[in-house]
Amino acid sequence: MAAIIDIHPPRTVRPRKATAESFFSRWLIISTAVGFMGLMFVLPLVVIFQEAFRKGWEGFIEAFDDRATMHAIWLTLKVAAITVPLNTLFGLAAAWCVSRFQFRGKRFLTSLIELPLWVSPVIAGMVYVLLFGAQGLFGPTLKEHGIKIIFALPGIVLSTIFVTFTFVARILAPQMEAQGQAEEEAAMTLGANGFQMFWRVTLPKIKWGLLYGIILCNARSMGEFGAVSVVSGHIRNKTNTVPLHIEVLYNEYQFVPAFAVASMLALLALVTLILKTLTTTRRGAA
Amino acid sequence: MRFICMKRILVEYRAPFLTCQHHLLSRPRHILPGFKLSLGFTITYLSLLVLFPLSMLVWKATSGGWEHMLATLTQARVIASLKLSFGTAFAAALVNAVFGLLTAWALERYSFPGRRLLDAMVDLPFALPTAVAGIALVTLYAPNGWIGAWLAQHDIKAAYAPLGITIALTFVGFPFVVRTLQPVIADLSMDVEEAAACLGANRWQTLTRVVFPALLPSTLAGMTLAFGRAVGEYGSVVFISGNLPFKTEIAPLLITMRLEEYDYSGAATIGVVMLAASFTILVLSNLLAQWSRKRTGR
């Protein structure tokens with residue numbers, strides 16, 4: 001399985017003359033790539049910030065002076081605060097057992113860990129509705145005890161965990177496999193206990209990959225839309241996360257506030273990309 | 001000095017195990033702790049949060065019997081939405097295969113100003129929330145948007161049409177093709193290309209007959225992944241698609257409509273079809289990765 005999230009340390013291969021394209025085709029390929037990415041990636045980013053500042057700084061600030069917006073931001077922070085630690089813990093455990101041990105069904109397990117990435121976010125939300133919704137499997141029992149999962153925080157957290165499930169494990173496992181286990185073995189032979197080995201040897205080895213995994217998991221959990229949209233019920237000031245709130249604002253033709261809030265998430269995405277580039281260099285050096 | 005000696009002894013001691021008997025690599029496993037704990041936690045967490053809920057989906061879809069499933073799937077609206085979802089996702093994957101291959105090649109083989117920036121930008125669709133991408137794309141491609149206005153002059157309708165859906169799906173699928181291809185291009189050994197050049201092939205012949213066949217499996221693998229991501233995509237599409245039943249209504253959107261109508265088994269049935277597609281994609285991409293390893297000899 002090719003590593004999609006994980007990029008290799010940049011390398012500059014300078015092909016020799018016989019194996020290099022002509023100057024013209026080189027130029028054509030580079031400008032096609034740059035042009036395509038400019039059109040597809042840079043232009044949308046520019047539009048977000050341009051629309052957000054259409055009414056200047058005041059319009060931008062005004063967008064956040066709104067109870068529903070602040071509530072959505074607060075709710076999103078809460079969801080991320082629950083989701084990210086749980087998935088980090090899972091990612092560490094999964095990467096540890098996949099990269100350090102040989103066992104039957106390992107490839108199958110790796111595939112299953114990747115599965116949530118390919119499942120539609122709508123399905124990720126729907127399965128929890130089928131489980132805990134009014135007509136779901138546990139619906140009646142939950143209602144008897146007055147516990148609300150769907151159209152409430154627990155449902156949002158569950159579906160967010162589902163969609164951001166893979167990231168930490170997927171980034172850590174190949175890195176840990178590549179780094180090998182000699183240091184850990186040495187630590188154990190020299191009498192460290194499991195916790196000491198993890199804290200003093202493994203963690204320093206994987207810290208940059210782990211940091212990037214956590215950041216990406218965080219960005220995705222704050223930005224999840226499809227899965228959360230199915231389970232949240234879109235109740236303003238109650239179950240609207242930031243992306244859902246953007247949709248509400250946009251559909252109400254409040255474009256400046258919608259893009260102002262969206263620009264915060266876009267900024268988060270840019271910070272994620274910058275940190276990724278930084279940690280990749282460190283990971284490459286480690 | 002002593003350290004170096006130790007290292008040499010270690011290497012020499014372990015080398016035969018590394019090359020001859022692969023399973024002996026797992027020999028020191030009893031030294032490292034936490035196998036049962038980490039595996040147990042992984043499997044429990046995976047089962048509770050992913051496998052059990054997904055099996056619920058299959059159970060719900062089949063609970064009404066096969067005839068009910070078939071009746072749901074043969075509804076004109078369901079067929080139209082599935083056709084649209086799979087069709088636009090495939091078109092987007094094709095576009096991504098072409099531009100992804102060119103971009104990956106440019107990023108790995110050439111050095112040009114802004115290369116690292118471009119490399120970092122490839123991951124944007126991963127990090128940018130889908131809803132944000134959705135409203136940005138519709139603003140660009142709507143008839144009064146920057147690109148939409150230009151397209152409207154040429155009588156091309158992008159937003160609220162299948163073309164717009166394809167554009168959004170191209171956006172989300174692009175990194176998969178590039179990131180699948182990059183390591184493969186970086187690992188291609190130069191000697192084959194040099195040999196081709198020595199034997200009198202011109203650059204174009206070398207590229208089409210030597211390089212491209214080696215990259216074909218990974219290109220297909222990247223395409224498969226891009227397709228898989230695009231089929232289920234929701235957030236970035238719903239804004240640009242217009243959501244007209246029979247015309248621009250994608251399958252994930254139809255699922256949410258059915259859920260809102262409390263038609264759980266109908267929603268689950270469409271969901272099972274998409275889940276089956278996800279599984280197929282997972283298996284297919286694994287097979288393609290194997291083929292790629294065979295072709296490139298790694």
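Trainee: What share of chain A is buried in this predicted model, and what makes a residue count as buried?

Mentor: Of the 286 residues in chain A of the predicted model, 48% are buried. A residue is placed in that class if 20 or more other C-beta atoms lie within 10 Å of its own.

Trainee: Why is Phe126(B) called buried?

Mentor: Phe126(B) has 22 C-beta neighbours inside 10 Å. The cut-off is 20 or more, so Phe126(B) counts as buried. This residue belongs to helix α6 of chain B, residues 124-127. Its C-alpha atom is separated by 9.9 Å from that of Phe171(B), 45 residues apart along the chain.

Trainee: What makes up chain A in terms of helices and strands?

Mentor: Chain A has 13 helices and zero strands. Its C-alpha trace spans about 60 × 60 × 30 Å along the principal axes. Among contacts in chain A between residues at least 6 apart in sequence, 77% join residues at least 24 apart.

Trainee: How do you know that helix α10 of chain A is not straight?

Mentor: Helix α10(A), residues 194-223, has 30 residues, and a straight helix would reach 44 Å at 1.5 Å a residue. The end C-alpha atoms of α10(A) are only 36 Å apart, short of that span. There is also a kink of about 65° in α10(A), centred on Lys207(A).

Trainee: How many residues does each chain bring to the contact between chain A and chain B?

Mentor: Chain A brings 87 residues and chain B brings 91 residues. On the side of chain A that touches chain B, helix α1, residues 23-52, gives the most, with 15 residues. That side of chain A divides into 61 nonpolar, 16 polar and ten charged residues.

Trainee: What makes the set of 163 residues a nonpolar core, and which residues have the most contacts inside it?

Mentor: A nonpolar core is a set of buried nonpolar residues joined through C-beta atoms within 7 Å, and the largest such set here has 163 residues. Met126(A), Leu57(B) and Val132(B) have the most contacts inside this core. Helix α3 of chain A, residues 67-100, gives the most to this core, with 13 residues. The core draws at least three residues from each of domain 1 (21-52) and domain 2 (58-285) of chain A.

Trainee: Which residues are in contact with Leu57(B), leaving aside its neighbours within four places in sequence?

Mentor: From chain A, Leu57(B) is in contact with Ile123(A), Met126(A), Val127(A) and Leu130(A). From chain B, the contacts of Leu57(B) are Ala268(B), Gly271(B), Val272(B) and Leu275(B).

Terms used:
Residues are numbered from 1 along each chain as its sequence is written. Chains are lettered from A and ligands numbered from 1 in the order in which they are written. This is a predicted model: local features need pLDDT of at least 70, side-chain atom pairs count only at pLDDT 80 or more; totals for chains, interfaces and linings use all residues. Helices (H or I, at least four residues) and strands (E, at least two) are DSSP runs, numbered from the N terminus. A residue is buried if 20 or more other C-beta atoms lie within 10 Å of its own, exposed if 12 or fewer, and partly exposed in between; C-beta atoms are placed from the backbone. The expected span of a helix is 1.5 Å times one less than its number of residues. The bend at a residue is the angle between axes fitted to the seven residues ending there and the seven starting there. Two residues are in contact if their C-beta atoms, placed from the backbone, lie within 7 Å. Ala, Val, Leu, Ile, Met, Phe, Trp, Tyr, Cys and Pro count as nonpolar, Asp, Glu, Lys and Arg as charged, and the others, Gly among them, as polar. Domain bounds come from an automatic or database domain assignment.
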